[in-house]
Every structure is written in structure tokens, then in C-alpha cells.
Amino acid sequence: MNILLTGASGFLGSHLCRRLAADGHTVTVLHRSTSNLAPLKDLHVRHEVGEITDAADVDRATKDQEIVIHAAAAMMSTCTTRDVVYKV
């Protein structure tokens with residue numbers, strides 16, 4: 001299956017990405033240009049660079065996907081406003 005995964009650079013998302021790829025799925029990860037992708041370095045996945053809060057980025061990333069798994073999160077400790085947390 002074609003699966004879009006958000007939050008793939010995080011703890012949960014990176015493990016989920018690894019499992020989905022191992023199970024033979026075609027995985028696309030939506031991540032920011034500043035994301036630390038070290039946990040995904042040895043995986044064959046498709047990368048879409050964008051913001052989860054940008055509708056155009058999400059629309060582009062979801063094209064041709066059969067499943068979307070939204071594992072992205074915004075941490076209150078790193079966000080300047082609650083609005084960002086609610087958008088994610």
C-alpha cells in the first residue's frame with residue numbers, strides 16, 4: 001500500500017516507518033526541511049518536504065496515497081503559541 005506518514009522523524013513515527021517499510025509498504029514521509037532524518041537514513045522511503053499546517057503541502061503529499069497516518073505532534077515546550085499545537 002501507499003502510505004503517507006507524518007511525524008516520521010519522531011520516536012513513534014520512526015519506529016512505525018521502519019515497520020511499514022519492512023512489511024513492504026511504499027512509505028512517503030512528510031517532514032520539515034529542518035527535520036532530523038537520522039532515524040530514517042537507512043530506509044527506502046519517499047520524502048515530501050513541507051509543513052503539516054500548510055494545506056497545499058498536505059494536498060501534495062497525500063496525492064496517490066491510500067492511507068494517511070498522522071503521527072506528527074507539536075510540543076508545548078517548543079511552540080510559541082497554542083495555535084500551532086491545535087493546527088497540528
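In what order do the strands of the open sheet run? Colour the model by secondary structure to find out, and keep in mind that this is a predicted model. The order is β3-β2-β1-β4, four strands with parallel pairing. At the edges sit β3 (46-49) and β4, each of which pairs on one side only. As you step from one strand to the next, the twist averages 20°.

**Stop 1: β2 beside β3.** Select residues 26-31, strand β2, together with β3: four bridges join them in the parallel sense. Show Val29 and you will find His47 of β3 standing opposite.

**Stop 2: the helix on the sheet.** Now add α2 (55-62). This helix packs on the sheet, where it touches β1 (2-6), β2, β3 and β4. Look along β3 and compare directions: that of α2 makes about 165° with that of the strand.

**Stop 3: from α2 to β3.** Show the side chains of Arg60 and Glu48, which form a salt bridge with the closest N and O atoms 2.7 Å apart. Arg60 belongs to helix α2 and Glu48 to strand β3, so this pair ties together parts 12 residues apart in sequence. Is Glu48 buried or exposed? Glu48 counts as buried, because its relative accessibility is 11% and the cut-off for buried is under 20%. Arg60, with a relative accessible area of 35%, is partly exposed. Add Arg46 and Asp57 to the selection to see a network of salt bridges that links them with Glu48 and Arg60.

**Stop 4: around α1.** The whole structure holds five salt bridges, and another of interest joins Asp42 to Arg18 at 3.2 Å, N to O. Arg18 is in helix α1 (residues 11-22) and Asp42 in the loop between β2 and β3, so the contact ties together parts 24 residues apart in sequence. Turn on the surface here: Asp42 is exposed at 56% relative accessibility, and Arg18 is partly exposed at 35%.

Next, select Arg19 and Asp23, which also form a salt bridge, with 3.1 Å between the closest N and O atoms. Arg19 counts as exposed at 54% relative accessibility, while Asp23, at 46%, counts as partly exposed.

**Stop 5: a backbone detail.** Finish in the loop between α2 and β4 (67-70), where you will find Asp64. Check its backbone: phi of Asp64 is near 70°, a positive value in a residue other than glycine. Most residues other than glycine have a negative phi. On the surface view, Asp64 counts as exposed, at 59% relative accessibility.

How values were computed:
Residues are numbered from 1 along each chain as its sequence is written. This is a predicted model: local features need pLDDT of at least 70, side-chain atom pairs count only at pLDDT 80 or more; totals for chains, interfaces and linings use all residues. Side-chain values use heavy atoms; hydrogens and water are left out. Helices (H or I, at least four residues) and strands (E, at least two) are DSSP runs, numbered from the N terminus. Buried means under 20% relative accessible area, exposed over 50%, partly exposed in between (1.4 Å probe, protein chains only). Two strands pair if DSSP finds at least two bridges between them. Axes are lines fitted to C-alpha atoms, for helices over the stretch in contact, and angles run from 0 to 180 degrees between N-to-C directions. Contact means heavy atoms within 4.5 Å. A salt bridge is a side-chain nitrogen of Lys or Arg within 4 Å of a carboxyl oxygen of Asp or Glu.
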